[in-house]
Amino acid sequence: MEEKQILCVGLVVLDIINVVDKYPEEDADSRCLSQRWQRGGNASNSCTVLSLLGAPCAFMGSLAHGHVADFVLEDLRRYSVDLRYTVFQTTGSIPISTVIINEANGSRTILHAYRNLPDVSAKDFEKVDLTRFKWIHIEGRNASEQVKMLQRIEQHNAMQSQEQKIRVSVEVEKPREEMFQLFGYGELVFVSKDVAKHLGFQSAADALKGLYSRVRKGASLVCAWAEKGADALGPDGQLIHSDAFPPPRVVDTLGAGDTFNASVIFSLSQGKTMQEALRFGCQVAGRKCGLQGFDGIV
């Protein structure tokens, strides 16, 4: 029998990455050390990492016809990502992010150009054959539509035996009020440092304690805090922590959060404990920060 996949629903973008030896001054002319096109977007990056870790995975997100779509599709295929649920839109263009990576410290500065490409809808999601998947991860975007997707998964799970139920995770990354309704869905919720700070929290542990009441009964809440590592809080009330695993030299932090999320999902899908998954997520994200791009994280 074919192994069930992990589905990631969310964004794919084109990242135009400029590597510089130091962050440029305003109104100055400086030369890049290198420039490359790289497929990006949270859900898309998480598919890359899942594939590198050896998990069969699928991507669901919006595309628009043209050279950029050809580039990102070819790259997704290179990582053996199942693309049957990508949605080609008739309006808009694939978003493009211009990224400045400072080689001196690995920081990434992102200028994102949203080009009116509609996100996948609950109607699009109705076409998904849920029996293909053991885990569905949803990157918070058009949250009101995504709530309907999550409710469809809940209805499906209600009719399944325990071992056939789809496990569900959501990512609340953007500090926008509409996103916060997603806290109440899934067995695993990733909340970003940006959202935590926006809501007034100064550490991962404080954020988890302050936000745990928003998640559904029995769920776990996870918050990564860059070089401070990551914390998780589950239904037993026990706060779990993993230190970060920084590389000898930080060269590229772009996609480190997506790497962490995918690695935690992969680890939990393999039957590991939350402590093991958190540590694995920090280890793989740390390795990623020592590399340009993702190849070589395993």
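# Exercises on a sheet, a helix and some cysteines

Helix H8 (residues 274–289) lies across strands S11, S12, S13 and S14, at about 30° to S14. The structure is a predicted model, and the exercises below explore it step by step.

## Exercise 1: the sheet

Work out in what order the strands of the open sheet stand, and which strands are at the edges.

**Solution.** Begin with the order: the eight strands run S4-S1-S9-S10-S11-S12-S13-S14, with mixed pairing. Next, look at the ends. Strand S4 (57–60) and strand S14 (239–242) each have a single partner strand, so one side of each has no neighbour in the sheet. Finally, check the twist: neighbouring strands are turned by 20° against each other on average, direction ignored.

Now zoom in on one pair. S11 (residues 188–191) and S12 (residues 220–224) run parallel and are joined by three bridges. Phenylalanine 190 has valine 222 in S12 as its bridge partner. Helix H6 (residues 204–211) packs on the sheet too, where it touches S11, S12, S13 (230–233) and S14. The direction of H6 makes about 20° with that of S13.

## Exercise 2: helix H8

Compare the span of H8 with the expected value, then find what its buried residues pack against.

**Solution.** H8 has 16 residues, and from first C-alpha to last it reaches 22 Å, close to the 22 Å expected at 1.5 Å a residue. Then pick out buried positions: among them are Met274, Ala277, Leu278, Gly281, Cys282 and Ala285. It helps to recall that an α-helix has 3.6 residues a turn, so residues three or four places apart point the same way. The buried residues of H8 pack against S11, S12, S13, S14 and helix H7 (256–269).

## Exercise 3: the cysteines

Explain why cysteine 8 and cysteine 289 form no disulfide.

**Solution.** A disulfide is a covalent bond between the sulfur atoms of two cysteines. The cut-off here is a sulfur pair within 2.5 Å. For cysteine 8, the closest cysteine sulfur is in cysteine 47, 3.9 Å away, which is too far for a bond. For cysteine 289, the closest is in cysteine 282, at 10 Å, again too far. The count of disulfides is zero. Cysteine 8 is buried at 0% relative accessible area, and cysteine 289 counts as buried at 13%.

## Exercise 4: serine 62

Find the polar partners of the serine 62 side chain.

**Solution.** Locate serine 62 in strand S5 (residues 62–63). Serine 62 is buried, with a relative accessible area of 7%. Its side chain makes a polar contact with the side chain of glutamine 89 (2.9 Å) and reaches the backbone oxygen of proline 118 at 2.6 Å.

Methods:
Residues numbered from 1 in each chain as written. Predicted model: local features only at pLDDT ≥ 70, side-chain atom pairs only at ≥ 80, totals over all residues. Heavy atoms only, no water. Pairing = 2+ DSSP bridges. Helix = DSSP H or I, 4+ residues; strand = E, 2+ residues; numbered from the N terminus. Axes fitted to C-alpha atoms, helices over the stretch in contact; angles between N-to-C directions. Contact = heavy atoms within 4.5 Å. Buried < 20%, exposed > 50% of the residue type's maximum accessible area, 1.4 Å probe, protein only. Expected span 1.5 Å × (residues − 1). Polar contact = N/O pair within 3.5 Å; in protein donor to acceptor, adjacent residues only side chain to side chain.
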